[in-house]
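Me: Could you take a close look at one part of this model for me, the open sheet, and walk me through what sits on it and around it? Keep it chatty, but stick to what the coordinates and the record give.

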Amino acid sequence: MRIGMGYDVHKLVEGRKLIVGGVEIPHERGLLGHSDADVLIHAIMDSILGAMALEDIGKHFPDTDNAYKNISSMVLLEKVYDIMVNNGYEIGNIDCVVVAQRPKFAPYIHIMRENIGRTLNTSIDNISIKATTTEWLGFEGREEGMSAYCVCILNKN
Ligand SMILES: Nc1ccn([C@@H]2O[C@H](COP(=O)(O)O)[C@@H](O)[C@H]2O)c(=O)n1
Ligand SMILES: C[C@@]1(CO)OP(=O)(O)OP(=O)(O)OC[C@H]1O
């Protein structure tokens, strides 16, 4: 059994879609990045790679590579899943927190868990996603950006 953690931050800007957990969420601004900037999926991928001591998504999918420009982070998650399987692991469980003052993510959490569970070939019961505000404190509270944390357990097949 191996444990991994992931953390990511993206800036909120006008003129971008807000995509979190593979779901497009109606909002007046979106997250900025080379990819679709899905901060939650990025934290999940880094936790899985971290559990295997295989560095991070910046190493596997460099933001200098045009192949990843505006790519869906769910496509990158499929690639991380393949790396995990090729190294002989399966998901034990994943537990995440997305930090955002607005909008409310609660209505979208179930579909996020379904999407992620399907992509990682594991039960929705193994995928936990929570959301929190920071009570208007810090960069998330000022709505300058969003962050996400993830821990995962991987089991050897
Ligand atoms: N972006 C967010 C933030 C929070 N929630 C949900 O609201 C509840 C209250 O949040 P607090 O930060 O005030 O504790 C929390 O339990 C979350 O489920 C949300 O949906 N989206
Ligand atoms: C995902 C990648 C690759 O498109 O780009 P970004 O969307 O900028 O995200 P970041 O969290 O900086 O992680 C690594 C990148 O290489």
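Reply: Here is a walk across the sheet, followed by the annotated site and the two ligand shells.

Bear in mind that this is a predicted model. The sheet is open and has five strands, ordered 4-1-7-5-6, with mixed pairing. Strand 4 (30-31) and strand 6 are the edge strands, and each has a single partner strand, so one side of each has no neighbour in the sheet.

Let's go pair by pair. Strand 1 and strand 7 run antiparallel and are joined by 10 bridges. To find your place there, look for isoleucine 3, which sits opposite isoleucine 153 in strand 7. On the next pair over, strand 7 (residues 145-156) and strand 5 (residues 89-99) are antiparallel too, again over 10 bridges. Two handy markers are aspartate 95, whose bridge partner in strand 7 is valine 151, and valine 98, which stands opposite alanine 148 in strand 7.

The parallel part comes with strand 5 and strand 6 (residues 127-132), which are held together by six bridges. Isoleucine 94 pairs up with isoleucine 127 in strand 6, while valine 99 has threonine 132 in strand 6 as its bridge partner. To get from strand 5 to strand 6, the chain goes through helix 4 (residues 109-119), and this β-α-β crossover is right-handed.

Isoleucine 153 deserves a second look. It lies in strand 7, and it comes out as partly exposed because it has 17 C-beta neighbours inside 10 Å, short of the 20 that would make it buried. Apart from residues up to four places away in sequence, isoleucine 153 touches Met1, Ile3, Gly92 and Asn93. So the Ile3 that stands opposite isoleucine 153 across the bridges also turns up among the contacts of isoleucine 153. As for threonine 119, it is 34 residues from isoleucine 153 along the chain, and their C-alpha atoms are separated by 16 Å.

Now back to strand 1, where the annotation comes in. In an unreviewed entry, UniProt lists Asp8, His10 and His42 under "binding site". These span 35 residues in sequence, but no two of their C-alpha atoms are more than 10.0 Å apart, so they gather at one spot.

Two of these are easy to place. Aspartate 8 is in strand 1 (residues 2-13), and it counts as buried because 23 other C-beta atoms lie within 10 Å, where 20 would do. Leaving out residues up to four places away in sequence, aspartate 8 touches Val39, His42, Ala43, Asp46, Ser147 and Ala148. Note that His42, from the UniProt list, is among the contacts of aspartate 8.

Histidine 10 is in strand 1 as well. It is also buried, with 22 C-beta neighbours inside 10 Å. With residues up to four places away in sequence set aside, histidine 10 touches Leu31, Leu32, Gly33, Ala37, Val39, Gly145 and Met146. Val39 appears in the contacts of aspartate 8 and in those of histidine 10.

What about the ligands? Ligand 2 is surrounded by 13 residues, the closest being Gly33, His34, Ser35, Asp63 and Tyr68. Gly33 is a residue you have just met as a contact of histidine 10. By class, the shell around ligand 2 splits into six nonpolar, five polar and two charged residues.

Ligand 1 has Ala100, Lys104, Phe105, Ala106, Ala131, Thr132 and Thr133 around it. That shell comes to four nonpolar, two polar and one charged residues. Threonine 132 links this back to the sheet, as the partner of valine 99 in the bridges to strand 6.

One last stop is glutamine 101, in the loop between strand 5 and helix 4. It counts as partly exposed, with 19 C-beta neighbours inside 10 Å, so it falls just under the cut-off of 20 for buried. Beyond its neighbours within four places in sequence, glutamine 101 is in contact with Thr133, Thr134, Trp136, Glu140, Gly141 and Glu143. Thr133 is in the shell around ligand 1 too. In the other direction, asparagine 87 is 14 residues from glutamine 101 along the chain, with 38 Å between their C-alpha atoms.

How values were computed:
Residues are numbered from 1 along each chain as its sequence is written. Chains are lettered from A and ligands numbered from 1 in the order in which they are written. This is a predicted model: local features need pLDDT of at least 70, side-chain atom pairs count only at pLDDT 80 or more; totals for chains, interfaces and linings use all residues. A residue is near a molecule or strand if its C-beta atom, placed from the backbone, lies within 6 Å of it. Ala, Val, Leu, Ile, Met, Phe, Trp, Tyr, Cys and Pro count as nonpolar, Asp, Glu, Lys and Arg as charged, and the others, Gly among them, as polar. UniProt positions are given in the numbering used here, feature names are shortened, and annotations may be inferred rather than shown by experiment. Helices (H or I, at least four residues) and strands (E, at least two) are DSSP runs, numbered from the N terminus. A residue is buried if 20 or more other C-beta atoms lie within 10 Å of its own, exposed if 12 or fewer, and partly exposed in between; C-beta atoms are placed from the backbone. Two residues are in contact if their C-beta atoms, placed from the backbone, lie within 7 Å. Two strands pair if DSSP finds at least two bridges between them. A crossover is right-handed if, with the strands pointing away from the viewer, the path from the first strand over the helix to the second runs clockwise.
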